[in-house]
Amino acid sequence: MNAWVIESELVLLLSKILQRPLKASEIEPSLVFITTLVTILRGVIVMDKVVAIAEEEKLLETLDSFIGSDLTLKTLSSEVLSGVEQQQTFLDPNAIVTLSEPLNSATKLLLIGLGYSMSAADGKVDFRERMYLQSIASRLQVDRQHLSLLEACFIEPETLSPDTLKQALLLLDPYRLAVLDTVIVQAARYLYQTICDLQSNRP
């Protein structure tokens with residue numbers, strides 16, 4: 001992160017989710033990213049009022065993609081999953097804004113992209129899930145053109161032009177995030193590969 005600034009409101013919210021007191025000095029980019037991501041993904045899952053097994057599996061697969069065998073991160077993600085579910089943070093757009101505040105624009109775009117990947121896990125992006133992600137993207141001030149590129153990758157991948165794909169992959173290129181936290185870079189690699197796989201499986 002270029003400027004890692006932690007506000008007291010974020011400290012309080014993370015403490016509430018993890019159900020233990022935290023200090024600003026304990027809050028790392030990986031914690032903020034994982035908590036914001038889990039919140040958004042959980043919101044996507046419940047938005048169409050049908051909790052598909054494929055979506056639950058996709059959530060865990062997404063987390064595993066950048067957590068790997070790191071026991072500390074596995075424990076942390078388990079705490080976050082439990083806390084987000086209990087607090088239902090995903091139903092509070094202001095909480096999502098607070099969680100993502102220290103993250104830069106590239107990372108916020110990555111979060112929304114992972115949300116679309118989750119939404120498409122059951123074969124299609126539900127209209128309510130799309131509206132949810134658009135609303136969150138707007139609150140996070142994600143560039144509308146960048147959002148359109150992401151939507152093109154997941155909503156109608158079969159009609160995606162090579163130029164649009166190239167632009168989308170450029171935005172999500174993990175090397176653009178090289179100065180960021182390792183967890184975030186790994187998540188970018190995962191989404192980048194997911195989009196590449198979608199295109200390679202086109203009829």
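Biologist: How should I read accessibility for A187, as buried or exposed?

Modeller: Buried means under 20% relative accessible area, exposed over 50%, and partly exposed in between, with a 1.4 Å probe and protein chains only. A187 has a relative accessible area of 0%, so this residue is buried. Please keep in mind that this is a predicted model, in which local features need pLDDT of at least 70 and side-chain atom pairs count only at pLDDT 80 or more, while totals for chains, interfaces and linings use all residues. Residues are numbered from 1 along each chain as its sequence is written, and side-chain values use heavy atoms, with hydrogens and water left out.

Biologist: Where does A187 lie, and which residues is A187 in contact with, beyond its neighbours within four places in sequence?

Modeller: A187 belongs to helix α10, residues 182-200 (helices are DSSP runs of H or I, at least four residues, numbered from the N terminus). Once those sequence neighbours are set aside, the contacts of A187 (heavy atoms within 4.5 Å) are F33, F66, L110 and L114. Its C-alpha atom is separated by 11 Å from that of D173, and these two residues are 14 apart along the chain.

Biologist: How do α2 and α6 cross, and which residues meet there?

Modeller: With axes taken as lines fitted to C-alpha atoms over the stretch in contact, and angles running from 0 to 180 degrees between N-to-C directions, those of α2 and α6 come within 9 Å and cross at roughly 35°. From α2, the residues F33, T36, L37, I40, L41, V44 and I45 meet T107, L110, L111, L114, G115, M118 and S119 of α6.

Biologist: S119 is in that list; what does S119 touch, beyond residues up to four places away in sequence?

Modeller: S119, which lies in helix α6 (residues 105-119), touches V44, E55, K124, V125, D126, E129 and L133 when those sequence neighbours are not counted. Its relative accessibility is 0%, so S119 counts as buried.

Biologist: Which residues are buried in α1, and what covers them?

Modeller: In α1, the buried residues are L10, V11, L13, L14, S15, I17 and L18, and their cover includes α2 (29-47), α4 (71-87) and α5 (93-100). After α1 comes Q19, which has a positive phi, near 60°.

Biologist: Where in the chain is confidence highest, and where is it lowest?

Modeller: Judged by pLDDT, the predictor's confidence in each residue from 0 to 100, confidence is highest in helix α1 (residues 8-18), at a mean of 95, and lowest in helix α9 (residues 162-171), at 84. The chain as a whole has a mean pLDDT of 87, with 94% of its residues reaching 70 or more.

How values were computed:
Helix = DSSP H or I, 4+ residues; strand = E, 2+ residues; numbered from the N terminus.
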